[in-house]
Amino acid sequence: MDHVRRGYCEGVTRAAAFFDLDKTILATSSALAFTRPFSRGGLISRSDVVRSAYAQFIFLASGADHNQMETMRRYMSSLVTGWDVAKVQEIVAETLDQIIDPAIYDEAGELLDEHRAQGRDVIVISSSGTEVVEPIGERLGVDIAVGTQLEVIDGRYSGEILFYAYGAGKAQAMRDLAVERGYDLTRSYAYSDSITDLPMLEVVGHPTAVNPDAELRRVATERGWPILDFRRPVAMRQRLPVERRRAAAVAGAGVAITAVALGLAWYVRHRR
């Protein structure tokens, strides 16, 4: 934190609001939702569909602990090796809206609007892939979208992870953004559902647990952090003005895809 504190001494007063994505803004796993489109596109087998559907169920029911995250990461790194990036891009662009649109928590949308009205930058920081996180971020109108990066060689995924932002990695990405954009993290906000994001919540002055798993709920209660339970998924188009929907659709359709899309492996990089 030393390099961040030096920035504060120079009179920085900006604040930001950092949001996890799955089960915090979305009532689903943003990347696991693409299992069936990838299957129809010939990228994964029926057994992979079943395995991913089970992972989605476990994720939505209870979240994922550290060991599960590591197992998923290794599995997905192996699975996507050799995938054609252009094919992934095509599938995501064609199916993003119909898969994600009905899954936005209305309460989360209200929070996004509230932070914007207070003049704070809004940042989505999710360990799902950039090919999902960035277009969703465009549709939500956030200032920065942070997502997954896998290495691409000759148009295909090599299976190597370039940046894995999980646990302390998310917190480090937030510190880096604070230096780059002049955020005062002590005046900033963070929202997440998972105990694995505890470092992300601890790095800001205003942490909030949203739809928390049992362990995060316990920690939040002990520390006196706010706890929010969101219950109202709505269609994204109900929350966005027509002009923003049109602009986001154009931007999202052309987003460069540099990561795997089945969010079983969650890695992060920051762009823009």
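Select Ser-192 together with the residues it touches in this predicted model: leaving aside residues up to four places away in sequence, Ser-192 is in contact with Asp-20, Thr-24, Asp-197, Met-200, Leu-201, Thr-208, Ala-209, Val-210 and Leu-216. The residue itself belongs to strand 6, which covers residues 189-192, and it counts as buried because its relative accessibility is 0%, with the cut-off for that class set at under 20%. Now restrict the display to polar atoms, where two features of the Ser-192 side chain can be picked out. A polar contact of 2.6 Å joins the side chain of Ser-192 to the side chain of Asp-197, and a polar atom of the Ser-192 side chain also lies 3.4 Å from the backbone nitrogen of Ser-194.

Next, move to Arg-14, which sits in the loop between helix 1 (2-9) and strand 1 (16-19). Is Arg-14 buried, partly exposed or exposed? Its relative accessibility is 38%, so Arg-14 counts as partly exposed, a class that lies between the 20% and 50% limits. Show its surroundings, again without residues up to four places away in sequence, and the residues touched by Arg-14 are Asp-121, Arg-181, Gly-182, Tyr-183, Asp-184 and Arg-187. For one of these, Gly-182, a distance label between C-alpha atoms should read 6.3 Å, although Arg-14 and Gly-182 are 168 residues apart along the chain. Two further labels belong on the Arg-14 side chain: it reaches the backbone oxygen of Arg-181 at 2.4 Å, and it makes a polar contact of 2.8 Å with the side chain of Asp-121.

From there, select helix 7, residues 130-140, and colour it by accessibility. The helix is mostly covered, with 10 of its 11 residues buried; the buried residues are Thr-130, Glu-131, Val-132, Val-133, Glu-134, Pro-135, Ile-136, Gly-137, Arg-139 and Leu-140. Extending the selection past the end of helix 7 brings in Gly-141, which follows the helix and has a positive phi, near 75°.

The last stop is the pair formed by strand 4 (residues 144-153) and strand 5 (residues 156-163), which run antiparallel to each other and are joined over 4 bridges. Where the hairpin turns, which residue of strand 5 stands opposite Ile-153? It is Arg-156 that stands opposite Ile-153. The hairpin has 2 residues between its strands, and Asp-154 is the place to check a backbone torsion, since a positive phi near 55° is found there.

Note on methods. Residues numbered from 1 in each chain as written. Predicted model: local features only at pLDDT ≥ 70, side-chain atom pairs only at ≥ 80, totals over all residues. Heavy atoms only, no water. Buried < 20%, exposed > 50% of the residue type's maximum accessible area, 1.4 Å probe, protein only. Polar contact = N/O pair within 3.5 Å; in protein donor to acceptor, adjacent residues only side chain to side chain. Contact = heavy atoms within 4.5 Å. Pairing = 2+ DSSP bridges.
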